[in-house]
Amino acid sequence: MTKADRRIIDMTLEGDFVAPPPPSRPPIGTRIMLWAIVTMVLAVTVLIVALTFWFVVMILPLVLAAGLIAYLAFRYQLWRTGGSFTIRRGPGGW
């Protein structure tokens, strides 16, 4: 069963299509609200990026210090064992 197509095509007598009327501009209150929402979204995005950057900058010294301590502990273990590492495997040799 086909669906009835009841669309109307407006044409002039010369065979040109009639253009639809241009869309009207939204009211000034709507435009102001749209720009306020866009500004708010951009401000929140900048705030999130700035907060993330601040967090990374604050935690970076701790991460570097932990890495330095781990490296020094590793070098100390190497020094204690005389520079040789023995890999101990479980039963079966794997």
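**Exposure and overall dimensions of a single-helix model**

Gly-82 is exposed, its relative accessible area being 64%. In this predicted model, Gly-82 belongs to the segment that follows helix α1. Between the C-alpha atoms of Gly-82 and Met-40 the distance in space is 62 Å, and the two residues are 42 apart in sequence.

The secondary structure of the protein consists of one helix and zero strands. Helix α1 covers residues 28–80, and Leu-51 is placed in it. Leu-51 has a relative accessibility of 55% and therefore counts as exposed, since the exposed class begins over 50%. Leu-51 also takes part in a nonpolar surface patch of about 1000 Å². The other contributors to this patch are Phe-53, Trp-54, Phe-55, Val-56, Val-57, Met-58, Ile-59, Leu-62 and Val-63.

On the other side of the helix in sequence, Pro-20 is located in the segment before α1. Pro-20 has a relative accessible area of 68%, so this residue is exposed as well. The C-alpha atoms of Pro-20 and Asp-10 lie 9.3 Å apart in space, with a sequence separation of 10 residues.

The overall dimensions were examined next. The radius of gyration of the protein is 36 Å, whereas a value near 12 Å would apply to a compact globule of 94 residues. Along the principal axes, the C-alpha atoms fill a box of roughly 100 × 45 × 25 Å.

Burial and surface composition were computed for the whole protein. Of its 94 residues, 1% count as buried, a class limited to residues under 20% relative accessible area. The accessible surface amounts to about 9700 Å². Carbon and sulfur atoms account for 72% of that surface.

The charged side chains number 9 positive and 4 negative. A distance of 46 Å separates the centre of the positive set from the centre of the negative set.

Taken together, the model has one helix, a radius of gyration of 36 Å and 1% of its residues buried. Exposed residues are found before the helix, at Pro-20, within the helix, at Leu-51, and after the helix, at Gly-82.

Note on methods
Residues are numbered from 1 along each chain as its sequence is written. This is a predicted model: local features need pLDDT of at least 70, side-chain atom pairs count only at pLDDT 80 or more; totals for chains, interfaces and linings use all residues. Side-chain values use heavy atoms; hydrogens and water are left out. Helices (H or I, at least four residues) and strands (E, at least two) are DSSP runs, numbered from the N terminus. The radius of gyration is taken over C-alpha atoms; the globule rule is 2.2 Å times the number of residues to the power 0.38. Buried means under 20% relative accessible area, exposed over 50%, partly exposed in between (1.4 Å probe, protein chains only). Accessible areas come from the Shrake-Rupley method with a 1.4 Å probe; for residues, only the protein chains shown count as cover. Lys and Arg count as positive and Asp and Glu as negative; His and the chain ends are not counted. The place of a charge is taken as NZ of Lys, CZ of Arg, CG of Asp or CD of Glu. Patches are made of residues with over 30% relative accessible area and no salt bridge: like charges are joined within 9 Å, nonpolar side chains (Val, Leu, Ile, Met, Phe, Trp, Tyr) within 5 Å. A salt bridge is a side-chain nitrogen of Lys or Arg within 4 Å of a carboxyl oxygen of Asp or Glu.
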